[in-house]
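Reader: Hello! I am new to this structure and would love a close look at a single part of it. Could you walk me through one region, step by step?

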Amino acid sequence: MFYPDWVRSFLVGFFRTINNLLLAPQKVIWLCLTLGFLNLVLDGSLLRLWSLYRDQIKIQADMKDLERQNADLKLRLKRAKDPAFLEQQARDKFDLVSEGDLVFVFSEEEESPN
């Protein structure tokens, strides 16, 4: 098979470079690591991995917040079963009184402009 001189010289130079590279194991390791890193970056896998990591942190923070809210709601539910608490809430929110309580009623008087 006949190749032009420039193709022959290019192939000889290329394979000579590959042969020299394979004789130096440290260079082979660095080349493999570089190609692997470039593959991760160009493929987008590294970016997706970073995005998933950020999502995981956000979800864990949301979970902790929801667990705190859940504990608070359970405590409020437990307290709501107590009749004394219900009575106190009725007094505070609806201004209710029980028998025997002393009630003061203040009338609003208009001030005279004297």
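Author: Happy to help; what follows is a look at the nonpolar surface patch and its main helix, with the rest of the chain around it.

Please keep in mind that this is a predicted model. To set the scene, the secondary structure of the chain comes to four helices and zero strands, and from the N terminus on the order is α-α-α-α.

Now to the patch. Leu31, Leu35, Phe37, Leu38, Leu40, Val41, Leu42, Leu46 and Leu49 form a nonpolar patch on the surface, and together they have about 850 Å² of accessible area. Two elements give two or more residues to this patch, namely helix 2 (25-43) and helix 3 (45-80). Of the elements, helix 2 gives the most, with seven residues.

Let us stay with helix 2 for a moment. Helix 2 is made of 19 residues, and from its first C-alpha to its last it reaches 27 Å, close to the 27 Å expected at 1.5 Å a residue. One of the patch residues, leucine 42, has its place in helix 2. Is leucine 42 buried or exposed? Leucine 42 has a relative accessible area of 72%, so it is exposed, given that exposed means over 50%. Just after helix 2 comes glycine 44, which takes a positive phi of about 95 degrees.

For a little context, here is how the chain as a whole looks. Its C-alpha atoms fill a box of roughly 120 × 50 × 25 Å along the principal axes. The radius of gyration is 40 Å, whereas a compact globule of 114 residues would have one near 13 Å. Buried residues make up 2% of the 114 residues. The chain exposes about 11600 Å², and carbon and sulfur atoms supply 62% of that area.

Before you go, have a look at helix 1 (residues 5-22) too. Phenylalanine 10 and phenylalanine 14 both lie there, four residues apart, about one turn of the helix. Phenylalanine 10 counts as exposed at 53% relative accessibility, while phenylalanine 14, at 40%, is partly exposed. Phenylalanine 14 also forms an edge-to-face aromatic pair with phenylalanine 15, at 5.3 Å centre to centre and 75 degrees between the planes. Phe10, Phe14 and Phe15 form one aromatic cluster. Over the whole structure, a search finds four aromatic pairs. In one of them, the rings of phenylalanine 10 and phenylalanine 14 have centres 6.3 Å apart and planes at 15 degrees, so this pair is stacked.

Technical notes. Residues are numbered from 1 along each chain as its sequence is written. This is a predicted model: local features need pLDDT of at least 70, side-chain atom pairs count only at pLDDT 80 or more; totals for chains, interfaces and linings use all residues. Side-chain values use heavy atoms; hydrogens and water are left out. Patches are made of residues with over 30% relative accessible area and no salt bridge: like charges are joined within 9 Å, nonpolar side chains (Val, Leu, Ile, Met, Phe, Trp, Tyr) within 5 Å. Accessible areas come from the Shrake-Rupley method with a 1.4 Å probe; for residues, only the protein chains shown count as cover. A salt bridge is a side-chain nitrogen of Lys or Arg within 4 Å of a carboxyl oxygen of Asp or Glu. Buried means under 20% relative accessible area, exposed over 50%, partly exposed in between (1.4 Å probe, protein chains only). Rings of Phe, Tyr and Trp (its six-membered ring) pair if their centres lie within 6.5 Å; planes under 30 degrees apart count as stacked, over 60 as edge-to-face and the rest as tilted. The expected span of a helix is 1.5 Å times one less than its number of residues. The radius of gyration is taken over C-alpha atoms; the globule rule is 2.2 Å times the number of residues to the power 0.38.
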